[in-house]
Amino acid sequence: MSSSAPSDRSHARTLLHQMLRIRRLEEKCAEVYTQGKIRGFLHLYIGEEAVAVGAIGALEDEDAIVATYREHGHALMRGVPMGAVMAEMYGKANGCSRGRGGSMHLFAVDRHFYGGHAIVGGGLPIAVGLALADEMLGRRRVTACFFGDGATDEGEFHEALNLAALWKLPVLFLCENNGYAMGTALDRHEADVELIHKPAAYGIPAEKVDGMDVVAVERTVRYEAETVREQGTPRFVELNTYRFRAHSMFDAELYRDKREVEEHKKRDPIALFTARCREEGLLDDEALEAIEKEVAEEVRAAVEEAEAGEIEPLATLASDVVSREVP
Amino acid sequence: MKRATYREAVRSAMRQAMSGDERVFLMGEDVGRYGGAFAVSKGLLEEFGPDRIRDTPLAESTFTGAGIGAAMGGMRPIVEIMTVNFSLLALDQIVNNAATMRHMSGGQINVPVLIRMATGAGKQVAAQHSHSLENWYASVPGLKVLAAGTVQDARDMVLAGLDDPDPVVLFETMVLYGMEGDLDEEAPYDGVWRAAVRREGDDVSLISYGSSLPKTLEAAEALSKEGVEAEVLDLRCLRPLDQQALEATVRRTHRAVVVDETWHTGSLAGEVVARLVEGAFYELDAPVERVCTVEVPIPYAKHLEDAAIPSVARIVTAAQRTLGKG
């Protein structure tokens, strides 16, 4: 399977540019991680870029997003500046969560980006609640809730789908199925690996899309998001993708065969999309080079910003635990 | 001022809050058509309609999480969890989401949700409906924790909790819902964050809250008949604890008994004792006593249940020990 064709040159350029921003930023993250500049958990999205780029590109700016701990790409796509993302991973005061969250907890509430959440399944009830507030306040927006295949094991997944359907709330559930719940393969953690059977049990319309085809993701999510917006009721999309890198930097990948990874790399979403754009005559060497150059410069500047950032003074350690001290 | 039950006081506060602020709504199991498991929300569905009085599925984690999400989205939700025992199913949402969100986002967001739940034993409903776990919540930074031991506080704490920009966990005492007391529906309510002296006395401080407060007051009266005048301090706010009031009471009496229905080990009383020792050690003339729940899952049979939880007799005996009697 190849990638679908974008509509025109500008569309081709935008999609490739966004996917490359995520890819190159994360390659740099892995590099500086080995230098000890980023610590803790670092979950790379490499291989899955078409999902965030296609899906978030298909949303309106005012739509809310709830994401997982593998959310660097989602934050970038939502317009969080790359420097603020990198500085957060460096634990600096100029990070988008002021060094309190790190890689797993990027937040930009002014952009309706309600965070990376690291308890698997824990973001789903939050998304339902955001949609409930929208419904009660008469705001016509969609809440897009990202989660992985592993989250479908959790009770909160089932509870949240049920509540969203019961109360008819505008949530778009986006299941990033990369085939593994951390290191446990889908058929080893799910009795029924056909994930769209689960929303069906709650009467939620669902469809699957090739998560390696950025144009297909964009088309599908645009349709689904518009339908949620129009009807005010939840819908579900399963995006089939694959993680090329380890689960986190601590993962020795004992649970999967290197050949399996190599096989999936043949469907690298960036390579597939680039090939298709070339075939269609929408991107040439010169254009590709220009995009790479622009991205490299942005990554370089982001690292510089992170390196130059101040650390939070220790005096602020316990700040923002509550927003108001008791009288 | 009028006479009302503790249950009516909570209801009156919710009605007042919902009338004054369209963002306030109530959700929980059986809060609507059933009228609330303890009849607290009886009549509110008829008054405010199903959009604002929402019966939820039996899914504590998700309806609590939805309350947190709705608060992040600009609403002022009241989440009713039937009892603290069931709240353990929502502990992930309360501890990992509500309590962390502000700090973890670098101060970008606050979560103004009020989570009400009943706590305590005394109704012979056995181990899975009778526990007191206020101390668990009181140990979590990012939460504020209130416990109502009087009719007036049952009203005031709902309103103060809703006015607060942070997640507030409010403990209502199951056995006190029918208790009658004075209720001023126009009283200011921001005093609930501080401990209150409920009875003055110079001989010993009895420090308590919530379910144990009426028993503690009764014990103070019994002690008075023996010539011992006890000061009764009602903690009211379990997080943050009122350190000043704790130190002030032992500065007056130099002796203390802490009464608390959580289990002895790791009890909230243990924290109170530690704070007295840290802040007022040289004021103490006798070892501090604790009256807590015996370390057993609350049993069904009445005589066993009564023996498990703090009683007037145990409080009196403990107070006497601090005075070198008995």
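Which residues is A:Cys145 in contact with, once its neighbours within four places in sequence are left aside? In this predicted model, the partners of A:Cys145 are A:Val66, A:Gly123, A:Leu124, A:Ala127, A:Val171, A:Leu172, A:Phe173 and A:Leu174.

I begin with this cysteine for a reason that concerns the core. The largest nonpolar core holds 194 residues, and those touching the most other members are A:Val128, A:Cys145, B:Leu206 and B:Ala319. The element that gives the most to this core is helix H5 of chain A, residues 123–137, with nine residues. As general background, nonpolar side chains in soluble globular proteins tend to be buried together.

Let me turn to the sheet in chain A. Six strands form an open sheet with parallel pairing, in the order E2-E1-E3-E4-E8-E7. Strand E2, residues 113–117, and strand E7, residues 206–210, stand at the edges; each has a single partner strand, and therefore one side of each is left without a neighbour in the sheet. From one strand to the next, the twist averages 15°.

At the E2 edge, the pairing can be followed residue by residue. Strand E1 of chain A, residues 64–68, pairs with E2(A) in the parallel sense over three bridges. Within E2(A), A:His117 is the bridge partner of A:Thr68.

Next, I would draw your attention to A:Ile196. Where does A:Ile196 lie? Its place is the loop between helix H7, residues 186–189, and helix H8, residues 197–201, of chain A. Is A:Ile196 buried, exposed or partly exposed? A:Ile196 has 16 C-beta neighbours inside 10 Å; being buried would take 20 or more, and being exposed 12 or fewer, so A:Ile196 counts as partly exposed.

The contacts of A:Ile196, again leaving aside neighbours within four places in sequence, are A:Ala206, A:Glu207, A:Lys208, A:Phe236 and A:Glu238. Of these, A:Phe236 is 40 residues away from A:Ile196 in sequence, while the C-alpha to C-alpha separation of the two is 7.8 Å.

Finally, I come to the interface between the chains. How many residues of each chain take part? On chain B there are 39 residues in contact with 36 residues of chain A. Helix H3 (60–72), helix H5 (91–98) and helix H6 (101–104) of chain B each supply at least two residues of the side that touches chain A. H3(B) gives the most to that side, with ten residues. By residue class, the side of chain B that touches chain A divides into 15 nonpolar, 17 polar and seven charged residues.

Note on methods: Residues are numbered from 1 along each chain as its sequence is written. Chains are lettered from A and ligands numbered from 1 in the order in which they are written. This is a predicted model: local features need pLDDT of at least 70, side-chain atom pairs count only at pLDDT 80 or more; totals for chains, interfaces and linings use all residues. Two strands pair if DSSP finds at least two bridges between them. Helices (H or I, at least four residues) and strands (E, at least two) are DSSP runs, numbered from the N terminus. Axes are lines fitted to C-alpha atoms, for helices over the stretch in contact, and angles run from 0 to 180 degrees between N-to-C directions. Two residues are in contact if their C-beta atoms, placed from the backbone, lie within 7 Å. A nonpolar core is a set of buried Ala, Val, Leu, Ile, Met, Phe, Trp, Tyr and Cys residues joined through C-beta atoms within 7 Å. Ala, Val, Leu, Ile, Met, Phe, Trp, Tyr, Cys and Pro count as nonpolar, Asp, Glu, Lys and Arg as charged, and the others, Gly among them, as polar.
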